[in-house]
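Please work through the exercises below with the sequence and the model at hand. Each task is followed by a solution in steps.

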Amino acid sequence: MSLPLSIPLWIPLAAAFVGLFLPGVATRAITILGSLATLAWAVWAIFDFQRGAGLQDVTDIMWIKELGIHYALGVDGLNLFLIVLAAFLFAVCTIWAATREWPRSGQFFFFLGLAESGVLGALMAQDLALFVIFFDLMLVPFFFLAGIWGPEATRIQAITKLFIYTLVGSLLMLVAAIATAVLVSTQTGNDLDFSFKALAAAGPLAKGSQEWIFLCFAAAFWVKMPAFPFHGWMPDGYRNMPLPVLAVFSAVLSKVAAYGFLRIVVPFYPDASAHFQDLMLILALGSILYGSAMAFTTTESRLVLGYSSVAQLGFITLGIFALNGDGAQGAILQAVNHGLVVAPAFVVVAYLAHRAGGSEDLRDMGGIAFRAPVLATLFLIVALANLAMPGSSNFVGEFLILLGVFHSKLVICAIAFVGVGMAAVYSLRLFIRAVHNRVGPEVASREISAREGLVLVPLVAAIVGLALYPQLVLHRGEPEITKSVRAAGQIADSTAQQAAAPATPTASSKP
Amino acid sequence: MTHFAPMLAAITKPSIDWAGLSPIIALFGGSLVVLIAGLLRGRFIREQLVPFLALATFGAAIGLGVWQWNHATDLFVAKGSQGSMRLDDLTLMITFIVSVTGIAATLLSWRALAPREAAHGEYYAMMLWSAAGMVILAAAQNLVTLFLGLELLSIPLYVLCATEMRRERSLESGLKYLIIGSVGSATFLYGLALLYGASGNTDFQGIAQAVAGGAGNDVLLLTGIALAIVGLGFKASVAPFHQWTPDVYEGAPTPVTTFMAVATKAAAFGAALRLFDVALIDAHADWAPALATLATVTIVVGNVGALSQSSVKRLLAWSSVAQAGYLLAGVVVASATGVKATVFYLAVYLLMNVAAFAVVVARERETALGDDVRALAGIGATRPLLAWPMTLAMLSLAGIPATAGFIGKFQLIDAAADGGYTWLGIVIVIGSMISLAYYLRVVAVMWMRPAPSAEEVAGTGGAVAAPRLAGADPVAERGNWEVTLVAAVAGAAVLFFGVIPSPLLNLAADAGRAFGLL
C-alpha cells in the first residue's frame with residue numbers, strides 16, 4: 001500500500017496556491033505545512049523503499065495521447081535520495097524564509113511552492129517530455145523570486161540573463177527529446193511515445209543521431225549545473241537572489257542536471273556517452289580547477305559558495321562519466337552531500353552577514369567565534385564536510401568518484417586529486433575569514449538565536465547523520481545506479497580495448 | 001441539338017449545400033442586420049444592442065459550425081467542377097478561430113472610441129464582413145474564390161484600421177495597410193493568374209492533376225507559386241513582406257489590431273494550407289525548401305525586430321511576425337501532422353494574443369501612457385487580474401511549459417522532425433531563445449518595476465501619447481470589466497490548454513485529416 005506520487009508532488013503547490021488567498025501568517029503556515037507533508041512522505045519513502053525492486057510507486061497514465069506523452073512518475077534507487085534531499089531542503093528553506101519579512105508574501109510563498117513541485121516533478125518524471133516540461137517549469141518561479149525580491153538595482157538584468165542562459169540549453173534539450181521520440185517511432189514503427197519504458201524497450205538509436213542529441217542534452221545540463229565554461233550566469237544570478245531562495249536553487253536545481261545525465265543521457269545514448277567520455281571528463285576537470293581557483297580568490301561569500309558548487313559539480317560529472325558503478329554511486333552520494341552542505345553554508349552566510357551589518361563580503365566579517373561558539377561550531381562542521389574531511393559523507397562520495405575515475409582514466413584521476421586539495425583551501429579560507437581573524441568593522445557578535453537554530457540545526461544534523469551512515473544512500477541506490485551506466489561503460493571498455501591507445505575524443509562542433 | 005448540351009450544362013445553376021454554407025450565411029446575414037440596426041436611433045440600440053447582435057452573429061457562426069462538424073462537403077458544385085469552396089473540419093476550425101477572435105474583439109470594442117467615431121453599425125458590420133471573407137478564404141478551393149475571399153477580408157480591415165478618424169496614427173495605419181495590402185493582393189492575383197496559365201484550371205483539384213509528378217522546370221508554374229507565396233506572405237506578415245505590420249498594428253485601434261492580428265493570420269494560413277497541401281502537393285519538392293527558408297528568415301527577423309520595441313503593440317506585431325515563421329513550419333512539411341500542428345498553434349495563438357491585447361486595451365484606458373510598456377509597470381501588485389493573463393500570454397508566446405504555447409511549439413517541432421526538417425525545429429527553438437529577451441522584459445516590467453507615478457497614470461483626457469486632431473471628444477468614465485474578463489478568460493485558457501491540451505488537439509487532429517494527407 002503506497003501513496004500515489006502525485007500527492008507529495010503537488011501538495012506544495014496546492015498549499016502555496018491556497019496561501020495566495022490567505023492573510024500573511026496563514027500563508028506561511030500553510031506553505032510550511034505543505035512542504036512538511038511532502039518531507040514526511042519522503043522520510044517514509046526511504047523506509048518503504050525496496051532495494052533492487054526497480055521502479056516503485058509508479059503512476060502511469062496517458063496525458064496527451066496525440067503526442068504520446070505519459071504522466072508517468074516513479075521512484076527508484078536513482079532518484080529516491082534526490083527527492084528526499086529536495087523535500088528536506090525545500091522544507092527547511094521555506095521555514096527559513098518564513099522567519100523573514102517579505103513584501104507581497106503571498107506571492108513569494110506561492111512561487112516557492114511552485115518551485116518545489118517543479119523540482120520534485122523533474123526528479124520523479126518517468127517520461128522524457130514530462131521531464132523536459134518540469135525541467136523548464138522549475139526555473140520559472142525563480143525568475144519571479146529573484147526578480148521581485150532581489151536587490152533593486154541589478155535584479156532584472158541578472159535574472160533575465162540567468163533565465164535565458166538556462167533556457168537556451170533547455171530548448172535545445174526539447175528539440176533533442178522530440179527528435180529522440182520521432183527517431184524511435186520510425187525505428188520501431190510504433191506511435192510516438194516519450195515514456196522511459198518505451199524508449200528503453202526500443203533500444204539505443206543510431207550512433208550518428210545519438211551524438212548530436214547527446215550534445216543538446218549535455219548543453220542543457222552543463223548550463224544548469226553550471227559547469228565551466230557555461231557558468232556565465234552564475235555570479236550575477238547568485239548575487240541577485242534572496243538567500244533562502246539561493247540556498248534551494250544552488251542545493252537542489254543543479255542536482256537535477258546531474259540526475260538528468262544518469263537518468264537520461266547515459267542510459268539512452270550509451271554510444272555517444274562513451275564517445276564523448278573524454279570530453280566530459282576534461283570539462284569536469286576544468287570545472288573543478290576553475291571553480292576551486294575562483295573560490296579561493298573571491299571575497300564575496302556567496303560567490304565562494306557559488307564557485308565551490310561549480311567545482312563540486314565537476315566532481316559529480318567526473319563520477320558520472322567514469323561510466324562505472326563506483327563513479328556513478330559516488331556521484332549520487334556526492335549530489336546529496338553537496339546539497340546538504342551548500343544549503344547550511346548559505347544559512348550561515350546569511351546569519352554572519354546579519355551580524356556584520358548586512359555585508360556579505362568576507363573582509364567585513366570575522367572574529368565572532370569566541371562570542372558565538374555554537375554558530376562557529378555548526379559552521380565548522382559544514383566547512384569540514386565541504387572539504388570532504390575523512391569521516392564525512394563527502395569523503396565517501398569523493399572517494400568513490402575518484403575510485404571510479406581511477407579505474408577508467410588514470411591521468412584524469414590524478415589531476416582531479418588536486419581539486420580535493422583545493423577544496424580544503426577554499427573551505428577553510430571561508431571558515432577562517434568569516435568567523436575567526438580580527439573582528440570586522442561593523443560586526444556585532446551574537447550567539448545563534450533559537451529561531452536561527454531552528455533552521456540551521458536540522459541541516460547540520462542531516463550532515464552528521466549521513467556522515468555516520470552513508471550506507472543509507474549507497475546501499476539502496478546501488479542496483480539502479482549501476483545499471484544506468486552499465487551499457488555505456490561496456491561500450492567505453494570495448495572501444496578502449498579495440499584501440500591500443502585510448503580513443504581521442506573528436507570534440508565536434510555542436511549542431 | 002445534342003452538341004449544345006455541354007454549353008447548357010455549363011450554365012446550369014450549381015448545386016448549393018445550404019447547410020454547409022450556413023456559417024458563412026450567418027456571418028453575412030448578421031452583418032446586414034447589424035448594419036441596419038446601427039441606423040436606428042437611440043443610444044441604447046447603437047451602443048448596446050448592436051455589439052450584442054454582433055456577438056450573437058459570431059456565436060451563431062460557431063454554433064452552426066459545430067452542427068456541421070465532421071460533415072465535409074463541397075459547396076457550390078457546378079457540373080464538372082469540384083465546387084468553389086469546401087466546408088471541412090479545417091474550414092470550420094478557422095471559422096471557430098475567426099469567430100472567437102470576433103467575439104473578443106467585439107467585447108474589447110464595446111466601450112472603445114473606435115466604434116463611436118465610425119458609427120457603431122458600420123464598425124461591427126465591417127468586422128463581420130471581414131470575418132466572412134476570412135472563412136471564404138480558408139474554404140476556397142478555386143483560385144477565383146480564393147482571391148474573392150482575400151479581398152473581402154482585406155477591404156473592411158483597411159477601413160477598420162482608420163476608424164479612430166480623429167487620431168492621425170489611425171488614419172496613417174489605414175492608408176498604409178491599404179497601399180501595402182493592395183500591392184500584396186495584386187501580387188497574389190498575378191500569381192493566381194500564372195497558376196491558371198500553367199495548369200489551365202482554376203479548381204484546386206484540376207491544378208493538382210496538372211501539377212502531378214512535380215513542377216519540373218515549368219517556369220510559369222514556379223513563378224505562379226512564388227507570387228502566390230508572396231501574396232499570402234503579405235497577409236500573414238511573413239518576412240520580408242512584413243514591413244507594414246508594426247506600423248499598422250500600432251496605429252490601428254487596439255480592438256481592431258486584435259482582430260486583424262489573429263483572424264487574418266488564421267485565414268491566411270488556412271488558405272496556404274489548402275493551396276499548398278492540396279493544389280500544389282505534388283510540387284512539394286519545389287516549394288518546401290523555399291517556404292522553409294522563408295520561415296527561417298521570418299523567425300529571425302521577427303524576433304530580432306521585437307527586441308528593441310518599447311510599444312507593446314509594436315512588440316506584439318514583431319512577435320506575430322516571428323510566430324508566422326513558426327507556423328510556416330507546419331505548412332512546409334505537408335503532412336497531416338503539419339496541418340494539425342498549424343491549426344493547433346493558430347488556436348493557441350488566438351488565446352495568447354487576445355489575452356495580451358486585452359491587457360493593452362485595459363491599460364490604454366486606465367493610464368495616459370497608451371500602449372507603452374511603462375503602462376504595464378507594477379501591475380503585478382496593483383492589478384493581478386491583468387498581470388496574470390499578460391504573464392501567461394508572454395510565457396506562452398515564449399513557449400514555456402505548462403502553457404498552451406509550449407504544446408503548440410512542441411507539435412510544430414514534432415511535425416518538422418517528422419517531416420525531415422529537424423533543422424527547422426532547431427531554428428524554431430533558436431527563435432524562442434531570442435524571443436525570451438523581449439517577452440521576459442514585459443513580464444519583468446509588470447512584476448518587478450514600481451508602478452508609474454500618479455501624474456503619469458492619471459489624466460485619460462490629458463497628455464495622450466499621440467496627439468489627437470481637433471474635435472476629439474474626451475471619453476470619460478469608461479468602465480472595463482469586459483476587457484478584464486476577456487483577458488482573464490484567455491489567460492486561463494492558455495493555462496488550461498497547456499495542462500489539458502487533448503480537447504483542442506482532437507479538434508486540430510480532425511482538421512489535420514481534412515486533406516487526406518499521410
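The exercises that follow treat one helix, one residue and one interface.

The model is predicted, and local features need pLDDT of at least 70, side-chain atom pairs count only at pLDDT 80 or more, and totals for chains, interfaces and linings use all residues. Residues are numbered from 1 along each chain as its sequence is written, while chains are lettered from A and ligands numbered from 1 in the order in which they are written.

**Exercise 1.** Determine whether the end-to-end distance of H11(A) agrees with its expected span.

Solution. Helices (H or I, at least four residues) are DSSP runs, numbered from the N terminus. The expected span is 1.5 Å times one less than the number of residues. Helix H11 of chain A, residues 243-268, has 26 residues, so it should span 38 Å; its end C-alpha atoms are 37 Å apart, which agrees. H11(A) nevertheless bends by about 35 degrees at Phe261(A), the bend being the angle between axes fitted to the seven residues ending there and the seven starting there.

**Exercise 2.** Classify Gln471(A) as buried or exposed.

Solution. A residue is buried if 20 or more other C-beta atoms, placed from the backbone, lie within 10 Å of its own, exposed if 12 or fewer, and partly exposed in between. Gln471(A), in helix H20 (residues 471-498), has 12 such neighbours and therefore counts as exposed. By contrast, 26 of the 26 residues of H11(A) are buried.

**Exercise 3.** State which helix gives the most residues to the side of chain A that touches chain B.

Solution. Contact requires C-beta atoms, placed from the backbone, within 7 Å. On this basis, 26 residues of chain A are in contact with 25 residues of chain B. H7(A) gives the most, with 14 residues.

Technical notes:
Helices (H or I, at least four residues) and strands (E, at least two) are DSSP runs, numbered from the N terminus. Two residues are in contact if their C-beta atoms, placed from the backbone, lie within 7 Å.
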